[in-house]
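Here is a short report on one protein chain. Look at the structure first, then follow the strands section by section.

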Amino acid sequence: MADKSRRANVGAVLAVLAVLMFFSDAFCGPARAQEQWLGYRSARSAWEHIGSTTGQKLCTQDKAPDGVAMPAFNDKEPLFALWKVDIGKLTGPAARDGGLWLALDRSGKGGLYDLLYIDTNGNGSLADEKPIRDEHAGFEWQEMVFFANFDAVRLALPGDDGTITYHAGFHYQREGTGPHKIYVSANCWYEGVVTIAGRRMLCSLIDGNANWRFGERSADSNQSDGYILRPFDPGRGPQELIDVAWTPVGQYVLVDGKYYTMDIAPDGATVTFTQASPAVGRIIPGQGVSSLKIAGPAGTFELDGNSGFVEVPQGQYRLVGYEVVRKDANGVAWCAHGAGGDGDKAIVVRAGSETKLGFGEPFTWLLEASPDGPGQHSLHLSLRDANARGARMTRDGDMPPINLRITNADKTYDCTFTMEYG
Ligand SMILES: [Ca+2]
Ligand SMILES: [Ca+2]
């Protein structure tokens with residue numbers, strides 16, 4: 001009897017829960033966007049996983065900073081630098097200066113900087129730190145540049161919700177007797193499988209400017225943080241990726257034709273995607289344009305141009321690139337690629353308006369000849385799109401050979417040349 005009544009109670013509870021869930025669904029509408037957790041990752045060659053980052057260039061000084069306790073250096077001329085960090089709790093002189101002090105020392109007399117002290121715990125002291133030996137050092141550019149690399153140094157600072165771990169790589173460099181340069185970049189990132197509108201994606205967050213804070217947007221792409229969002233393929237590990245490149249964080253991301261805001265926790269541990277309805281304008285890319293990639297404060301978007309137009313959030317953009325793809329009679333794909341350049345005018349998109357760009361077809365080859373010594377001419381062949389913007393063409397993924405036939409009216413001269421690239 002006892003068992004039966006317990007079962008009945010469980011049944012009643014389940015029924016109540018079901019009713020509550022029904023009501024909560026009915027009142028709340030579609031599922032709300034939720035924080036999704038990512039895992040911390042680090043690697044000595046992080047660039048193989050996330051692409052290269054600018055990081056921070058540190059200012060060096062030969063005077064020890066006030067109040068920072070120092071170890072006993074081998075060398076009489078240690079170097080000092082401050083690495084500005086933006087999250088994590090700092091104490092002592094580290095809190096005063098808003099970052100972690102580091103020092104470079106030499107293990108041998110008159111030798112080269114090969115030892116690094118870094119305030120790994122943010123207490124404003126280097127006296128409690130062990131020296132880190134360089135992993136790779138040497139000369140490059142005809143012995144003119146000396147460099148030393150200190151890779152994947154582990155640091156930990158107290159944060160609001162526990163310890164924040166960070167791996168960083170340090171690069172020291174000096175050209176001849178020029179200034180000492182120290183660069184620091186993130187050897188860590190956050191990564192995980194997220195679900196956006198039912199679709200599983202692999203999401204990586206990158207601290208581009210190496211200040212410990214993730215998700216920062218900046219008009220200066222060197223100061224921007226980044227992300228990589230790609231379809232999740234369980235059979236393919238992140239290590240098998242090639243040509244990895246991250247995208248600067250913008251206001252929106254585009255997934256399956258829909259715009260989402262991407263809210264990144266400052267420590268990089270969580271991300272929230274929320275479907276958004278930004279005010280959009282229409283871009284008419286140009287004749288035959290099958291894909292268009294543009295970037296701006298609103299985000300970086302790769303758009304399918306096959307319908308002749310694309311719709312993007314209002315704002316200013318720059319062209320990253322576009323493609324026109326066609327197949328010949330044998331089914332071989334020919335592709336014309338156009339790319340953006342520094343001198344480009346901004347693409348301005350206004351809500352509810354159309355912006356015509358005039359990229360794409362028709363493509364024309366322009367042949368330019370210039371005298372190149374007695375009886376000689378130098379020939380230059382280039383491809384132009386409808387806007388007279390430079391483009392390049394591939395056939396089945398490779399640059400096709402280009403032949404040039406030059407003949408005169410009576411055919412006493414008739415020669416075919418093979419043009420070379422480069
Ligand atoms: Ca310390
Ligand atoms: Ca950052």
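## A hairpin and its neighbour

Strand β13 is joined to strand β14 (residues 199–206) by 8 bridges, and the two run antiparallel. Find Val 193 in this pair: Leu 202 in β14 stands opposite. The hairpin of β13 and β14 has 2 residues between the strands. Ala 197 in this hairpin takes a positive phi near 50°.

Strand β13 (residues 188–196) also pairs with strand β2 (residues 39–42). That pairing is antiparallel too, over 4 bridges. Here Tyr 40 has Tyr 190 of β13 as its bridge partner.

## The whole chain

This is a predicted model. The protein chain holds 3 helices and 32 strands. It has 422 residues, and 29% of them are buried. Now take the contacts in the chain with a separation of 6 or more: 58% of them link residues 24 or more positions apart.

What holds the strands of a sheet together? Strands pair through backbone hydrogen bonds, in a parallel or an antiparallel way.

## A sheet from β4 to β8

One open sheet has 5 strands, in the order β4-β5-β6-β7-β8. Its pairing is antiparallel. The edge strands are β4 (60–61) and β8, and each pairs on one side only.

Strand β7 (residues 113–118) has neighbours on both sides. With strand β6 (residues 99–106), β7 shares 5 bridges, and the two run antiparallel. Ala 103 stands opposite Tyr 117 of β7. Arg 106 stands opposite Tyr 113, also in β7. With strand β8 (residues 132–133), β7 shares 2 bridges, again antiparallel. There, Leu 115 has Arg 133 of β8 as its bridge partner.

Why is β7 described as largely enclosed by the rest of the structure? Because 6 of the 6 residues of this strand are buried.

## A sheet from β3 to β9

Another open sheet also has 5 strands, in the order β3-β12-β11-β10-β9. The pairing is antiparallel. Its edge strands are β3 (56–58) and β9 (136–140), each pairing on one side only. On average, neighbouring strands of this sheet are turned by 30° against each other, direction ignored.

Inside this sheet, strand β10 (residues 145–159) pairs with strand β11 (residues 162–175). They are antiparallel and share 13 bridges. One pair to find is Ala 148 and its bridge partner in β11, Tyr 172.

## Nonpolar cores

The largest nonpolar core has 62 residues. Which of them touch the most other members? They are Leu 102, Leu 205 and Tyr 227. Domain 1 (47–188) and domain 2 (189–275) both contribute residues, so this core lies between them.

Look at Leu 205 more closely. Beyond four places in sequence, Leu 205 is in contact with Leu 38, Trp 189, Tyr 190, Phe 214, Gly 215, Tyr 227, Ile 264, Gly 268 and Val 271. Apart from the largest core lies another one, of 16 residues. Val 310, Tyr 317, Ala 336 and Phe 359 are among its members.

## One residue in β24

Val 320 sits in strand β24 (residues 315–327). Is Val 320 buried or exposed? Val 320 counts as partly exposed, because 15 C-beta neighbours lie inside 10 Å. A buried residue would need 20 or more.

Which residues does Val 320 contact beyond four places in sequence? They are Lys 293, Ile 294, Ala 295 and Gly 340. Take Ala 295: this residue and Val 320 are 25 residues apart along the chain. Their C-alpha atoms are separated by 6.6 Å.

## How far to trust the model

The mean pLDDT of the protein chain is 88. A value of 70 or more is reached by 90% of its residues.

Two stretches need care. Over residues 1–8 the pLDDT is below 50, and the stretch has 0 contacts in the model beyond near neighbours in sequence. Over residues 10–31 the pLDDT stays under 50. For residues 10–31, the model has 0 contacts beyond four places in sequence. Where pLDDT is low, the predicted coordinates should not be read in detail.

Terms used: Residues numbered from 1 in each chain as written. Chains lettered and ligands numbered in written order. Predicted model: local features only at pLDDT ≥ 70, side-chain atom pairs only at ≥ 80, totals over all residues. Pairing = 2+ DSSP bridges. Axes fitted to C-alpha atoms, helices over the stretch in contact; angles between N-to-C directions. Core = buried A, V, L, I, M, F, W, Y, C linked by C-beta atoms within 7 Å. Buried ≥ 20, exposed ≤ 12 C-beta atoms within 10 Å, placed from the backbone. Domains from an automatic or database assignment. Contact = placed C-beta atoms within 7 Å. pLDDT = per-residue confidence, 0-100.
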